[in-house]
Amino acid sequence: MEKTTIYIGEVIKNVMVEKLVTKAELARRLQVKPQSVDYMLTRKSIDTDTLYNVSKALDYDFALLYSIDKEQMNYDRENEAYKLSTAKILIELELKPDEIIKLNLRKKSVNY
């Protein structure tokens, strides 16, 4: 059987950097000593309870890293809305005069 090449401590460190979470803050969220976080971040693997708690603390599903089916659904979050950042979309439309009248855009139109 093939062994995993995932070093979970390194992955957790990267997520902490991405989410701007310090070791002290993660320790507070996990209700452990900062030394415990230091030790965890050096580990190649951790137990599933710890992985679950770290996932909740960082709002990141580390278990999906180990999924053998990359299309697998995350069923415990099936009904949870994805957190999207703001997006600005600019669309240019060319309308005929009768379409402008139908849409009542005559007074609202802005020329750029």
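**Close-up views of a predicted model**

**View 1. Ala24 and Arg28 are exposed on the other side of helix 2, across from the residues described next.** In this predicted model, the buried residues of helix 2 are Leu26, Ala27 and Leu30. These three lie on the same side of helix 2, because together they cover an arc of only 100 degrees around the axis. Where do the buried residues of helix 2 pack? They pack against helix 1, helix 3 and helix 4, while Ala24 and Arg28, on the other side of helix 2, are exposed.

**View 2. The protein chain is built from five helices and has zero strands.** Followed from the N terminus on, the elements of the chain run α-α-α-α-α. The chain has 112 residues, of which 18% count as buried. Its accessible surface comes to about 10,300 Å², and carbon and sulfur atoms account for 54% of that surface. Among the contacts with a separation of 6 or more, 59% are between residues 24 or more positions apart in the chain.

**View 3. The largest nonpolar core holds 16 residues, and Ile12 is one of those with the most contacts inside it.** Leu26, Met40, Val54, Leu58 and Phe62 are the others with the most contacts inside this core. The elements that contribute two or more residues to the core are helix 1 (8-18), helix 2 (23-30), helix 3 (34-40) and helix 4 (48-58). Once its neighbours within four places in sequence are left aside, Ile12 is in contact with Leu26, Met40, Leu41, Ile46, Val54, Leu58 and Phe62. As background to this view, nonpolar side chains tend to be buried together in soluble globular proteins.

**View 4. Ser55, a residue of helix 4, is shown with its surroundings.** Is Ser55 buried or exposed? Ser55 counts as buried, because its relative accessible area is 9% and buried means under 20%. With its neighbours within four places in sequence left aside, Ser55 is in contact with Tyr60, Asp61 and Phe62.

**View 5. Leu20 and Gln31 each have a positive phi without being a glycine.** The phi of Leu20 is about 55 degrees, and this residue lies in the loop between helix 1 and helix 2. Leu20 is classed as exposed, because its relative accessible area is 75% and exposed means over 50%. Gln31 comes just after helix 2, where it takes a positive phi of about 60 degrees, and it belongs to the loop between helix 2 and helix 3. Gln31 is likewise exposed, with a relative accessible area of 74%.

**View 6. Five residues, Ile89, Ile91, Leu93, Leu95 and Leu103, make a nonpolar surface patch.** This patch has an area of about 560 Å². Which loop holds Leu95? Leu95 is found in the loop between helix 4 and helix 5, and helix 5 spans residues 97-103. How far is Leu95 open to its surroundings, by the value of its relative accessible area? The relative accessible area of Leu95 is 32%, so this residue is described as partly exposed, a class that lies between buried, under 20%, and exposed, over 50%.

Conventions. Residues numbered from 1 in each chain as written. Predicted model: local features only at pLDDT ≥ 70, side-chain atom pairs only at ≥ 80, totals over all residues. Heavy atoms only, no water. Helix = DSSP H or I, 4+ residues; strand = E, 2+ residues; numbered from the N terminus. Buried < 20%, exposed > 50% of the residue type's maximum accessible area, 1.4 Å probe, protein only. Contact = heavy atoms within 4.5 Å. Areas by Shrake-Rupley, 256 points an atom, 1.4 Å probe, with all protein chains shown as cover. Core = buried A, V, L, I, M, F, W, Y, C linked by side-chain atoms within 4.5 Å. Arc of directions from axis to C-beta. Patch = residues over 30% accessible without salt bridge, like charges linked within 9 Å, V, L, I, M, F, W, Y side chains within 5 Å. Salt bridge = Lys/Arg side-chain N within 4 Å of Asp/Glu carboxyl O.
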